[in-house]
Structures are given as C-alpha cells and as structure tokens.
Amino acid sequence: MSRQPRSAQTRRALIRSAAQTFDEHGYPRAKLTAISAGAGVSTGALHFHFDTKAAVAAAVEDEAARTLHESARTVRHLTPDPLQALVDTTHVLARQLATDVVARAGYRLNCQSAYRSGPDLRTRWHVCVRELLDRAGEQELLVPGLAAEESATALVGATTGFEVLAREDANWLTPSAVTGLWRSFLPMLAGPGAPQTPEPSDTRTTPRIRRRTAAAQRTASELVR
C-alpha cells in the first residue's frame with residue numbers, strides 16, 4: 001500500500017476510534033491514548049493527523065454531518081412525495097444514529113455548543129423539515145390551514161427528543177418507535193388533497209433507499225482526508 005492510501009486509512013481508523021471513545025466516555029473523559037490504541041497506532045501517529053483532541057472531535061463531527069446530510073439528500077431525491085420523504089428521512093437518520101457510531105458521536109458533539117465546530121445540525125434538521133412541509137403545502141397535501149412552522153417545531157422537538165432519550169434506552173431510535181411517532185403525526189398533517197396516506201413505517205426505506213444511503217455513507221467516509 002502506498003503512503004497516501006495508508007495515511008488516509010489511518011486517519012479513518014482514528015476518526016472511528018475517536019467516535020467510539022467519545023460515545024462511550026464523553027468528550028471531557030476521552031483520552032488521546034485510548035483513541036490511538038483503539039485505532040492500533042501510536043500517539044505519535046495520531047498527532048501526525050490531529051494536533052489536539054478538539055481537532056479529532058471536529059473531524060468526527062464533520063464526517064457525521066457529511067454522512068447525515070448525504071443520506072437526507074438521497075432520500076429526498078428518491079422520494080418525490082414530500083410527506084413520504086419526511087417520514088423516510090426520519091427513519092434513515094434514526095437508523096444511522098442508532099447503528100453508526102461516527103454519525104452518533106459526531107451528532108452528539110455538535111449538540112453540545114462547547115464542542116461544536118460546524119453548523120448546528122439541529123437547526124439544519126429544522127430547515128429540512130420546514131422545507132418538506134412547505135413543499136407539501138404548495139402541493140396541497142396538508143390539512144387546510146395547517147401552520148407549517150408550528151408543525152415543523154413540534155416534529156423537530158419530537159425527533160430530537162427521541163435521540164436524547166436513546167442515550168439511555170436505544171429502543172427510542174428503533175423503526176417501531178419512529179413508526180409510532182408518524183402514526184400519531186400523519187393524521188394531523190395529511191390533508192384530503194394527498195393522493196394517498198404516506199406510509200409511517202420504514203418499509204419504503206428498504207431496499208433501495210438503504211442501498212443508496214449506505215453508498216452515500218461509504219462515499220463520505222472515503223472523502224475524509
């Protein structure tokens with residue numbers, strides 16, 4: 001293996017090890033020695049790529065943001081119905097936060113303003129939800145007179161709350177939990193103009209969307225340098 005691919009591989013290993021360490025111990029108690037050991041390299045190799053723990057955390061956060069953004073964009077591209085796209089995006093992002101330690105650790109670092117190094121991901125999620133609801137309103141798919149901003153605020157509060165609760169109980173990010181959320185919300189959103197009631201479960205996110213979002217995640221990881 002040439003030097004450049006080996007260096008990129010080491011960097012990816014350090015980011016994943018850092019994510020696991022932050023996820024298990026939190027940022028304040030995470031040690032650079034544990035991160036380098038988890039990646040199977042020396043602390044000198046870690047410092048070749050990252051000057052400080054904050055720099056490692058920023059790299060984890062950056063990859064998490066890229067992965068989550070690419071996944072959401074893929075779902076919106078594949079799902080023309082904005083209400084269904086909102087449901088599908090929620091399922092895909094919940095699954096990634098539940099199963100991908102880099103996405104999970106990076107998101108949680110971002111949610112703590114003391115460690116945030118990039119744009120607020122909760123704010124970006126709010127924008128995404130509002131944009132999809134606005135599109136649904138333009139297509140007359142919503143209940144007449146529905147206040148899109150109030151609905152977006154409620155949805156963002158509920159979905160981000162699931163992630164917070166999942167820190168103690170992972171069942172909050174399971175497909176069944178997200179499906180239950182949408183079974184409650186969809187009747188309040190979908191109006192008579194909707195051609196069909198959106199599917200609240202994650203059945204639409206498999207297999208095509210899962211394959212595409214997994215590919216987007218791999219591409220995002222390969223771009224980390």
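Trainee: In which helix is phenylalanine 22 found?
Mentor: Good place to start! Keep in mind that this model is predicted. Look along residues 3-29, and you will come across phenylalanine 22 there; that stretch is helix H1.

Trainee: Is phenylalanine 22 buried or exposed?
Mentor: Let's check its relative accessible area, which is 6%. A residue counts as buried under 20%, so phenylalanine 22 is buried.

Trainee: Which residue of helix H2 does phenylalanine 22 touch?
Mentor: Leave out residues up to four places away in sequence, and the contacts of phenylalanine 22 include Tyr27, Lys53, Val60 and Leu109. Helix H2 covers residues 32-39. Among the contacts of phenylalanine 22, the one in that range is Ile35.

Trainee: Where do the buried residues of H2 lie?
Mentor: They are Ile35, Ser36 and Ala39. Looking down the axis of H2, you see these buried residues fall within an arc of 95°, so they line one face of the helix.

Trainee: Which residues are exposed on the other side of H2?
Mentor: Turn the helix away from its buried residues, Ile35, Ser36 and Ala39. On that other side, the exposed residues are Thr33, Ala37 and Gly38.

Trainee: What separates the C-alpha atoms of phenylalanine 22 and glycine 106?
Mentor: Along the chain, these two residues are 84 residues apart. In space, their C-alpha atoms are separated by 8.8 Å.

Trainee: How many helices are there in the protein?
Mentor: Follow the elements from the N terminus, and they run α-α-α-α-α-α-α-α-α-α. There are zero strands, and the number of helices is ten.

Conventions. Residues numbered from 1 in each chain as written. Predicted model: local features only at pLDDT ≥ 70, side-chain atom pairs only at ≥ 80, totals over all residues. Heavy atoms only, no water. Buried < 20%, exposed > 50% of the residue type's maximum accessible area, 1.4 Å probe, protein only. Helix = DSSP H or I, 4+ residues; strand = E, 2+ residues; numbered from the N terminus. Arc of directions from axis to C-beta. Contact = heavy atoms within 4.5 Å.
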